[in-house]
Each structure stands twice: as C-alpha cells, then as structure tokens.
Amino acid sequence: MSEKSSNSSGSDEDVDPESGHPVELGGVLSKWTNYIHGWQDRWVVLKNNTLSYYKSADEREYGCRGSLCLSKAIITPHEFDECRIDISVNDSVWYLRAEDPEHRLRWIDSIELHKVESGYGSESSLRRHGSMLSLTSAASGFSATSTSSFKGHSLREKLAEMETFRDILCRQVDTLQKYFDGCADGVSKDEFQRDRVVEEDEDDFPTSTRPNGDCLHNNNGSKEKLFLPASPKGMNGIDFKGEAITFKATTAGILSTLSHCIELMVKREDSWQKRLDKELEKRRRVEDAYKSALSELKKKSHYGGPDYEEGPNSLINEDEFFDAVEAALDRQDQIEEQSEKVRIPRLTPVPPGDAYSIIGTHRFAKQPHSYSSSLSSVELASASDDVHRFSAQVEDVVQNHMTYSLQDMGGDANWQLVVEEGEMKVYRREVEENGIVLDPLKATHAVKGVTGHELCHYFWDTDVRNDWETTIENFNVVETLSDNAVIVYQTHKRVWPASQRDVLYLSAIRKILATNENDPDTWLVCNFSVDHDNAQPTNRCIRAKINVAMICQTLVSPPEGNKEISRDNVLCKITYVANVNPGGWAPASVLRAVAKREYPKFLKRFTGYVQEKTRGKPILF
C-alpha cells in the first residue's frame with residue numbers, strides 16, 4: 001500500500017512558467033487491481049489531460065496498461081482513507097492510494113489543474129467559443145425555431161406575417177428615430193442663435209430688413225431675431241403624419257396576428273398536452289430503465305472493489321456478506337471435488353492380496369518404520385528431549401490442553417452441540433470480545449484403522465500439508481526449533497469479501513508419557529501463535545491468532561486367538577480444540593456459520609486422507 005510519487009520533471013511547480021500549462025507528473029501509486037491481488041504498485045503518469053498507468057517505470061516504452069481522459073472525470077477523495085483517491089469516468093473507476101495525505105493532495109491538485117486547463121466547461125472555453133448575440137440574430141433565431149417547432153399551415157403563415165410586420169416596424173422605428181434626432185438638432189441651433197442676438201449691441205442693430213429675412217424690426221420698435229418655424233418635412237423630408245399612421249397600422253396588424261396565433265395555440269393546447277403527457281410517460285419509463293441498468297452495471301463493475309471489502313465502512317451489508325462468502329466456499333468445494341478425483345488415483349496403491357497381511361506386532365514391541373522416511377524421523381519425545389527457546393511455553397500449552405481439553409462437556413451448559421455426524425460431534429461456546437467472535441470450538445471423533453501417532457504425524461508434518469489442507473494458499477517454515485518443533489508462516493485462501501488472513505505459529509508434536517499401564521497411547525500436536533522477526537505482519541493480510549491442539553488416543557482391541565494385531569483392532573479417539581481470534585471486521589453470523597460448516601469438513605477430509613495413506617502399511621504406535 002505504500003506509494004512513492006515523484007514529479008517526473010523534478011520540479012515542485014504544477015505549472016510550466018514558460019508555457020503556462022500544467023507540467024507532467026509521474027510517480028508510483030498503489031492501484032486496486034481486483035479482490036484477489038488487491039493493491040499493486042503502478043507507475044502513474046499525468047500528462048496532457050490524460051492519466052495513464054504502467055506496470056513500472058521501466059516498462060513505459062511498452063505502452064500504458066490503461067488511461068483516463070480527465071475532461072469528464074470525477075475526482076473523489078475517500079471519506080475515511082486519507083491516502084486514497086477515486087477517479088471515475090462514466091462506469092470506469094480507478095482506485096488509487098498515495099504514500100501519505102500530502103502526496104494525495106498534490107495529485108488531486110495536479111489532476112484538477114489538468115482538468116481545468118483542458119477547457120471542458122471552463123471559463124476560458126466559454127470566452128473562446130461564446131459571443132454576444134445581436135438583437136436581430138436572437139430574434140431571427142427565435143422566429144426560425146418557433147416556425148419549425150409549431151405544426152400546422154395556418155400557424156406558419158401567421159408567423160411569417162409577423163416576420164414581415166417586424167421588418168416594417170423596425171424600418172419605421174429607424175425613420176422616426178432620424179426625425180426625432182433632426183428635431184433635437186434644430187432646437188439646439190435655435191437656442192444658440194437666440195442667445196447671440198440678445199448679446200449684440202443695440203447700436204449695431206440693423207435698421208433695414210435683410211434680404212434673407214433673418215432679422216426684422218417688430219411693430220413696437222424693438223429689435224429681435226426672427227426664425228422661420230422648422231418644418232419637419234422641409235428639414236428631413238419626412239411625412240410625420242403619414243409615418244405615424246403607418247406605425248399605428250403596423251402595430252394593429254401585429255396585435256391582430258398575435259391574437260390569431262393565440263387562438264390557434266389554444267385550440268391545439270389539448271392535443272399538445274396529451275402528446276406531452278405521453279412523451280413524459282415514455283421518458284419516465286426510459287429513465288427508470290436507464291437507472292436500473294446503470295445500477296446493475298455499477299454493481300457488477302464495482303462489486304469486488306475496495307469499498308465492498310470487509311471493514312467497518314463496507315458498503316456490503318451482513319446478508320450480502322454472508323451470501324458472498326457462501327458462494328465463494330461453494331466454488332472452493334467444487335474445486336476440491338475436482339482435485340480429489342485427480343488426487344485419489346495417485347495415492348499409494350493397496351498391495352494385492354490380503355490388505356492386512358502386513359501388520360505390526362504388539363504395540364510395545366519395536367515397530368518397523370521403513371514405509372515412511374518422514375514418519376520414521378519422529379521418535380518418542382518428552383519435555384526433556386525437546387529443548388529450545390520456546391520449550392517452557394510449549395510445556396505450558398501442552399499441560400493446559402491435557403488438563404482442560406479432555407474434560408467431558410456433558411455437564412457444561414456453556415458448550416452447545418452444533419454438529420453431530422456419526423462418531424463426530426462439534427461443540428461451540430459463544431464468546432465475543434470488542435465485537436470480534438472468539439468462539440472456542442471442540443470436536444470429538446473416532447477413526448478406525450489408524451493410530452494416534454499416525455494422525456498426529458500427518459497433522460504436524462509440513463511436507464504433506466498441501467496434500468490434505470485445502471484452505472492454505474502458501475506456507476513456509478520460518479525456523480526449525482528442533483526435530484519436533486517448527487515455526488510456520490502460512491496465508492489462507494481469501495474468501496471474498498472477507499480480507500485475507502495469515503497466521504504465524506509454533507507447531508510441536510509430543511508423545512504424552514503414560515502415568516500407568518492402563519492409560520492409552522496419547523499423542524498431541526499443538527499450534528499456537530508466536531512472534532518472529534522474519535515474519536512481521538503486513539498490510540496485505542490480517543494476522544489471526546490461534547491456539548489449536550489435536551489430541552489422539554489409540555485404543556487396541558485384543559485380536560482373536562493368536563492372531564497378530566491388525567488395523568481392524570485399532571481405534572483412534574480424536575479431540576480437536578481450536579481457539580481462534582480472526583481479527584478484522586467480519587460479521588459474527590458469518591464467522592460462526594463458516595466455522596460450523598468448515599470444521600466437520602476439515603476433520604472428515606483429514607482423517608480420510610490418513611486412512612488412505614496408511615492403508616496396507618505397517619502400524620505405527
């Protein structure tokens with residue numbers, strides 16, 4: 001989940017100072033791949049309004065593995081994860097994680113800057129593509145749209161008449177405006193000349209009438225400037241009265257035509273309303289179908305994304321979680337059935353003839369160990385024979401299991417019988433701590449034809465673990481403490497939507513020394529969680545804690561007559577106890593249902609495997 005992002009240009013600036021465009025940004029981000037592989041580091045490049053990713057920086061020359069155009073992208077910082085970014089374009093969603101919140105903020109700012117610079121819906125794009133529409137073009141656009149929208153020959157004709165009236169009216173307005181401008185200019189000149197006459201000296205006043213008639217004496221002997229009245233027609237060549245009559249007729253025609261248009265539209269209102277209602281209903285159905293299809297598509301495309309993983313903020317509810325786990329387990333069962341068909345023929349075949357002709361002698365006699373090199377390496381072990389740094393802890397665990405695990409549960413009301421199949425019984429005691437299910441489980445079983453030594457050996461031996469264990473994805477021995485004790489790290493197969501679990505535990509096999517001759521031969525394998533420097537917890541898996549023990553007691557019935565002991569005389573009583581802290585946030589109902597389903601299957605699968613492996617082979621007590 002770690003991320004190492006860096007600007008490929010080596011600059012901390014987001015904008016190139018020379019060109020003014022956002023610079024290229026590149027670095028390592030964790031990208032959610034799928035629910036199997038989870039988060040994977042990818043080289044991500046932000047350039048030219050496009051976000052691309054490569055498997056690594058070294059593989060850029062081979063081309064990107066995917067890209068998104070940011071023009072219509074929606075960038076969503078995650079509500080709870082401070083390092084996560086979700087980038088969606090239509091139905092495509094990229095889930096990305098940065099190294100820390102600061103790197104995430106830088107990526108978000110850079111992406112937003114590229115998105116704005118792309119011009120999609122930005123102010124700059126409006127300035128480039130927009131313009132002021134003139135009144136005439138707006139009116140023309142309106143009239144053209146109106147004409148094409150309305151159906152019916154009469155209405156189109158009336159609208160055409162209105163176009164004609166509009167042109168006439170516009171010309172008349174221009175003519176009248178010119179006339180009014182001319183009148184305003186005449187008044188201004190008249191006032192200017194009148195002021196000049198008043199200011200002239202009376203001595204200079206002319207006593208004769210001028211030929212042009214501009215200046216004349218009045219009857220009372222005073223002198224004043226006389227002006228000819230301005231004639232609109234003489235000054236501008238406009239018949240004002242005629243223009244006024246035409247203007248009135250034009251406006252009357254417009255009003256009449258509008259009235260006729262209104263009458264036509266009222267008559268058609270009912271049919272239009274019906275058509276509109278039908279179109280609205282069709283649109284509603286189409287929108288509902290679109291939303292439904294989009295919801296299903298998003299559910300299918302995003303199901304399995306990080307938002308549906310196990311966790312306190314998961315989008316999947318408990319019922320859906322349960323159904324998904326059940327479906328995943330069913331698929332695993334089918335795979336196991338197919339693998340069993342392939343695996344069983346490869347088991348060691350039973351020798352021809354009497355299957356029990358090769359038998360062991362009395363249980364206290366020296367037993368042959370030639371049939372299994374790994375089995376022969378296990379010798380009787382007591383506490384003094386198995387010394388290492390965890391010896392004291394192993395001894396405490398063994399003593400606790402021998403003291404409490406073998407107790408009868410018949411009188412304990414806290415133990416509930418949840419499964420009973422033949423000789424096998426599974427009990428559970430419900431325990432929760434901080435919302436996490438910690439139910440101890442205890443199973444008892446009886447298996448014919450195998451000894452406790454053999455069962456414990458195959459349960460402990462890591463060389464054959466994958467032959468019978470189907471829930472493990474991989475495992476390795478971290479440290480060998482002694483011949484009978486190892487530290488094992490293993491990861492379990494993921495059952496989506498639950499998170500993947502891993503476990504680090506010490507596994508020890510021990511023969512429990514009998515205190516008297518009537519005690520049955522008892523072997524024990526205990527697995528309990530420990531810490532180790534070479535197997536630290538990681539973010540990829542949730543570390544589970546376990547304390548598991550398998551206690552096997554061998555019972556031998558006397559053979560008839562002088563016959564030697566065969567596997568028909570051998571019965572092994574198994575007590576299996578498991579205390580598991582799964583960690584995480586899986587629902588309690590899911591954990592209990594899985595435990596109830598998987599533990600019986602595990603016991604039947606394991607004991608059947610041991611019976612197949614030991615069939616026809618000497619008995620090992």
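These legends accompany a set of close-up views of a predicted model.

**Figure 1. The whole chain, with its 12 helices and 22 strands.** We start with the overview before zooming in. Of the 621 residues in the chain, 38% are buried. Take the contacts between residues at least 6 apart in sequence: 61% of them join residues that are at least 24 apart. The chain exposes about 36700 Å², and 51% of that area comes from carbon and sulfur atoms.

**Figure 2. Strand 2 and its two pairings, with strand 3 and with strand 8.** Strand 2 covers residues 25-34, and eight of its 10 residues are buried, so "mostly covered" is a fair description under the cut-off of 20% relative accessible area. Strand 3, residues 38-47, runs antiparallel to strand 2 and is joined to it by nine bridges. One pair to look for is Asn34 with Gly38, its bridge partner in strand 3. Strand 8, residues 92-97, also pairs with strand 2 in the antiparallel sense, here over two bridges. In that pairing, Leu96 of strand 8 stands opposite Lys31. As a reminder while you look along these strands, side chains in a regular strand alternate between the two faces of the sheet.

**Figure 3. Trp39, a buried residue of strand 3.** This view stays with strand 3, where Trp39 lies. Is Trp39 buried or exposed? Its relative accessible area is 16%, so Trp39 falls under the 20% cut-off and counts as buried. Tyr95 is shown with it: the two residues are 56 apart along the chain, and their C-alpha atoms are separated by 9.0 Å.

**Figure 4. Asn48 and Asn49, with positive phi at Asn48 and at Asn49.** Follow the chain out of strand 3 and you come to the loop that leads to strand 4 (50-54), where Asn48 is found. Asn49 also belongs to the loop between strand 3 and strand 4. Asn48 is not a glycine, yet its phi is positive, about 50°. Asn49, not a glycine either, has a positive phi of about 65°. How do the two fare for accessibility? Asn48 is exposed, with a relative accessible area of 62%, whereas Asn49 is buried at 11%.

**Figure 5. Helix 1 and its buried face.** Helix 1 spans residues 101-117, 17 residues in total, and reaches 24 Å from its first C-alpha to its last, close to the 24 Å expected at 1.5 Å a residue. Which residues of helix 1 are buried? They are Arg104, Trp107, Ile108, Ser110, Ile111 and His114. Seen down the helix axis, these buried residues fall within an arc of 165°, so they line one face of helix 1. Glu102 and Val116 are exposed on the other side of the helix. At the start of helix 1, look for Asp100: one of its side-chain oxygens comes to within 3.2 Å of the backbone nitrogen of Glu102.

**Figure 6. Thr257, a residue of helix 6.** Helix 6 covers residues 240-302, and Thr257 is found in it. The relative accessible area of Thr257 is 4%, which makes it buried. Leaving aside residues up to four places away in sequence, Thr257 touches Lys158, Glu161, Met162 and Phe165.

**Figure 7. Helix 9 and the strands against which its buried residues pack.** The 15 residues of helix 9, 391-405, reach 20 Å from the first C-alpha to the last, close to the 21 Å expected at 1.5 Å a residue. Buried here are Ser391, Val394, Val397, Val398, His401 and Ser405. They fall within an arc of 125° when seen down the axis, so they line one face of helix 9. Which strands do the buried residues of helix 9 pack against? Their partners are strand 15 (441-448), strand 18 (501-512), strand 19 (521-529), strand 21 (545-556) and strand 22 (570-581). On the face turned away from the buried side, helix 9 carries the exposed residues Ala392 and Tyr404.

**Figure 8. Helix 12 and the glycine that follows it, Gly616.** Helix 12 holds 27 residues, 588-614, and its first and last C-alpha atoms are 39 Å apart, close to the 39 Å expected at 1.5 Å a residue. After helix 12 comes Gly616, with a positive phi near 80°.

Key: Residues numbered from 1 in each chain as written. Predicted model: local features only at pLDDT ≥ 70, side-chain atom pairs only at ≥ 80, totals over all residues. Heavy atoms only, no water. Helix = DSSP H or I, 4+ residues; strand = E, 2+ residues; numbered from the N terminus. Expected span 1.5 Å × (residues − 1). Buried < 20%, exposed > 50% of the residue type's maximum accessible area, 1.4 Å probe, protein only. Arc of directions from axis to C-beta. Polar contact = N/O pair within 3.5 Å; in protein donor to acceptor, adjacent residues only side chain to side chain. Contact = heavy atoms within 4.5 Å. Areas by Shrake-Rupley, 256 points an atom, 1.4 Å probe, with all protein chains shown as cover. Pairing = 2+ DSSP bridges.
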